[in-house]
Structure formats: C-alpha cells, structure tokens
Amino acid sequence: MTEILTLTNGELALDLAPAVGGAITGFRIGDVPILRETTPEMLASGDATLTSSFPLVPVSGRIDQGRFTFCGQEHRLVPNFGESPHYLHGFGWRSAWEIGPRSESAATLVLDHDPEGEGAGLWPWRMRAELTYALETTSLVMTLTVENRDARPMPCGLGFHPYFPRRPGAGLRFRAASLWIADEREIPVRRDAPTGDFDFSVLREVESVTLDNAFAGFGGEAQIVYPDRRLALAITADAVFGHCVVFVPPGKDFFCVEPVSHMPDAINRMAEVKDHGLRILAPNERLVASARISVERLP
C-alpha cells in the first residue's frame with residue numbers, strides 16, 4: 001500500500017504520496033477539496049498524472065521526440081508518456097522520492113539521480129532535487145530546488161502541475177504577454193497574442209474555453225474563484241516561473257493552471273527564442289523557486 005504523509009495547519013490539510021512522483025493526493029480546507037481529489041483507484045495506479053498535483057523537474061512540457069543537442073553533444077531520452085513519441089515533464093513525476101526533514105505542517109522530499117544504470121535515458125546529468133511542501137495558515141507553499149551534481153553544465157527547468165476541480169461557474173484570471181500555439185504533434189510552432197479565447201486578463205468562466213497552451217510573459221499571479229463553494233484561490237509564483245500552462249480539456253472534471261519556468265521544447269529552441277526560460281546550471285549550482293496557493297473563504 002502506498003504510504004501517505006499528511007500535513008496540517010489550522011483548517012488546511014495536505015496529503016502526499018512521496019513514492020508516486022512526490023505527488024499531492026489531497027489538499028483541503030476543512031472538508032472542502034481545493035485540488036482534484038485522488039481516489040484510491042487513482043492512487044493504486046501509481047500514475048502521478050491521476051493525482052492532485054505533481055512536480056515538473058528537471059524540465060516541464062514536451063521535448064520533441066525526446067531528442068536534443070546541448071553543448072555540441074546529442075542526447076536521446078526515453079519517451080515516458082504512453083504512446084506519445086515525446087519526453088514529457090522530466091522524470092521527477094515518475095520517480096519515488098525519499099522523505100527528508102518533516103514537521104506537522106511541512107515536509108521535504110528528496111530525489112537523487114544517477115544517469116548511469118537504471119537512470120540511463122531519463123536524464124543525462126547527475127543531479128539532486130528537493131521538494132518542500134509547507135502549509136501556512138491560509139496557504140500551501142511548494143518549493144523546488146535542483147542542484148547540478150555533474151561535472152558538466154546542465155539545462156534545467158521547473159514547474160508545478162496542480163489539477164483544480166472543474167465546477168459550475170468556476171472563474172480564472174491571469175495576465176500574459178503571449179502564448180504558444182502547438183501543431184498536431186503537440187509541439188509549439190508559432191506565437192500569438194492572448195486575445196479572444198486566450199484572454200484571461202479579466203475573470204472569466206473556465207467552461208467557456210478548451211485550452212492546452214503555454215503562456216509566456218506570465219505575471220506570476222493567477223486567481224481562481226468558486227462561487228458555489230465561496231472560495232477564492234490565489235496562485236503566486238516566483239519570477240523564475242515566467243510561463244504558465246493552462247490545460248482545460250473537453251469533458252473532464254478538472255482544469256490545470258501550471259506555473260512553469262520555460263516554454264515547451266525549450267531545450268530545442270534556445271537559439272531561436274530569447275525568452276525560452278530554460279536555465280543553465282554550472283556544476284554544483286542550484287536553482288530554487290517557489291509557488292504558493294492561497295485560500296480565502298468568500299462571504
């Protein structure tokens with residue numbers, strides 16, 4: 001049976017499954033779910049994409065065909081998402097994390113990666129990731145740290161993939177400078193202005209659109225309102241998270257608002273896109289970034 005680690009602080013409670021991609025399996029205020037609930041069947045599958053939220057590390061989004069060239073060396077990663085030919089969201093979401101320091105309201109999970117042996121094809125660099133979940137009085141703070149423990153420079157990106165309940169009247173608001181439009185292969189091919197169905201600069205109902213797009217120039221703030229539950233959520237993310245992926249699939253009971261550091265397939269776009277967002281870590285260098293989900297009860 002999968003071990004569940006539960007954190008509490010006042011009205012807030014958070015359930016974690018370290019062995020299932022370091023995922024969140026429940027986040028509640030009182031008995032009201034803030035994120036999509038993970039059923040026992042979902043948890044038993046061992047699939048982090050069926051949970052409430054999971055970390056994106058050491059990259060987010062798709063890498064086209066799992067292939068790229070970095071510092072003159074070609075690399076090929078093993079596709080990791082069903083029948084898709086691409087490499088998706090790094091390997092943290094498909095790994096078992098170790099439990100590090102913890103308290104009643106916070107816990108740090110640790111993931112060490114060796115590119116040799118079982119780690120071959122997952123990521124070419126030796127690295128360590130730390131994931132801290134901390135409950136404050138009215139907020140969940142999620143912090144990702146990546147340390148390059150290789151002798152070579154390493155590309156690096158971060159993100160969080162929360163699933164929010166899709167309820168009647170649920171509204172979303174955020175600002176962005178532009179967005180990427182993908183082709184039939186789900187790889188971005190052009191950049192557009194966030195107008196029409198892509199404009200969330202004012203609060204609008206999630207049910208009004210179908211989306212799966214990465215927004216650039218993300219201001220680091222998003223608001224989600226649930227009128228029927230009298231709840232307002234505020235997402236605030238560090239400047240590292242200059243992009244945001246919004247996923248509103250047709251016919252599903254969830255939607256996603258994902259703070260991420262870079263555009264999809266950024267590792268293949270660094271020469272052509274100046275604001276791709278991917279970071280290059282020198283040996284022993286660390287990248288640290290946090291995102292917060294604040295919860296407010298409405299009158």
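This is a selection-by-selection tour of a predicted model, covering a sheet, a hairpin, a buried histidine and several salt bridges.

**Stop 1: the nine-stranded sheet**

Start with the open sheet of 9 strands, whose order is β10-β11-β12-β13-β26-β22-β21-β16-β19, with antiparallel pairing. Its edges are β10 (98–102) and β19 (204–205), each of which pairs on one side only. Next, select β22 together with β26 (residues 286–297): these two strands run antiparallel and are joined by 7 bridges. To check the register, pick L233, which stands opposite V295 in β26.

**Stop 2: the β7–β8 hairpin**

Select β7 and then strand β8 (residues 73–76). The two run antiparallel, with 4 bridges joining them. They form a hairpin with 2 residues between the strands, and C71 in the turn has a positive phi of about 55 degrees. Show side chains along β7 and an alternation appears: F68 and F70 point to one face and are buried, whereas R67 and T69 point to the other and are not. The bridge partner of F68 in β8 is H75.

**Stop 3: D64 and R185**

Move to D64, which forms a salt bridge with R185; the closest N and O atoms are 2.9 Å apart. D64 lies in the loop between β6 (62–63) and β7 (67–70), and R185 in the loop between β17 (178–182) and β18 (188–192), so the pair ties together parts that are 121 residues apart in sequence. Are the two partners buried or exposed? D64 is buried, with a relative accessible area of 17%, which is under the 20% limit for that class. R185 is partly exposed at 33%.

**Stop 4: R167 and D228**

Select R167 and D228, whose side chains meet in a salt bridge at 2.8 Å, N to O. R167 sits in the loop between β15 (159–165) and β16 (171–174), and D228 in the loop between β21 (221–226) and β22 (231–237); this pair links parts of the chain 61 residues apart. Both count as partly exposed: R167 has a relative accessibility of 27% and D228 one of 40%.

**Stop 5: R191 and D275**

The next pair is R191 and D275, a salt bridge with its closest N and O atoms 2.5 Å apart. R191 is in strand β18, while D275 is in the loop between β24 (254–260) and β25 (279–281), 84 residues apart. R191 is partly exposed, with a relative accessible area of 34%, and D275 is partly exposed at 37%. For a network rather than a pair, select D112, R128, E130, E147 and R149, which are joined by salt bridges that share partners. A search of the whole structure finds 18 salt bridges.

**Stop 6: H243**

Keep D275 displayed and add H243, which is in strand β23 (residues 243–248). H243 counts as buried, at 4% relative accessibility. Which backbone oxygens does its side chain approach? One is that of S261, reached at 3.4 Å. Another is the backbone oxygen of D275, which lies 3.5 Å from a polar atom of the H243 side chain. Expand the selection to the residues that H243 touches, leaving out those up to four places away in sequence: F215, A216, F218, E258, P259, V260, S261, H262, M263, D275, H276 and G277. D275 thus appears in two stops of the tour, through its salt bridge with R191 and through its backbone oxygen at H243.

Technical notes. Residues are numbered from 1 along each chain as its sequence is written. This is a predicted model: local features need pLDDT of at least 70, side-chain atom pairs count only at pLDDT 80 or more; totals for chains, interfaces and linings use all residues. Side-chain values use heavy atoms; hydrogens and water are left out. A salt bridge is a side-chain nitrogen of Lys or Arg within 4 Å of a carboxyl oxygen of Asp or Glu. Buried means under 20% relative accessible area, exposed over 50%, partly exposed in between (1.4 Å probe, protein chains only). A polar contact is a pair of N or O atoms within 3.5 Å; within protein, one must be able to donate a hydrogen and the other to accept it, and residues adjacent in sequence count only if both atoms are side-chain atoms. Contact means heavy atoms within 4.5 Å. Two strands pair if DSSP finds at least two bridges between them.
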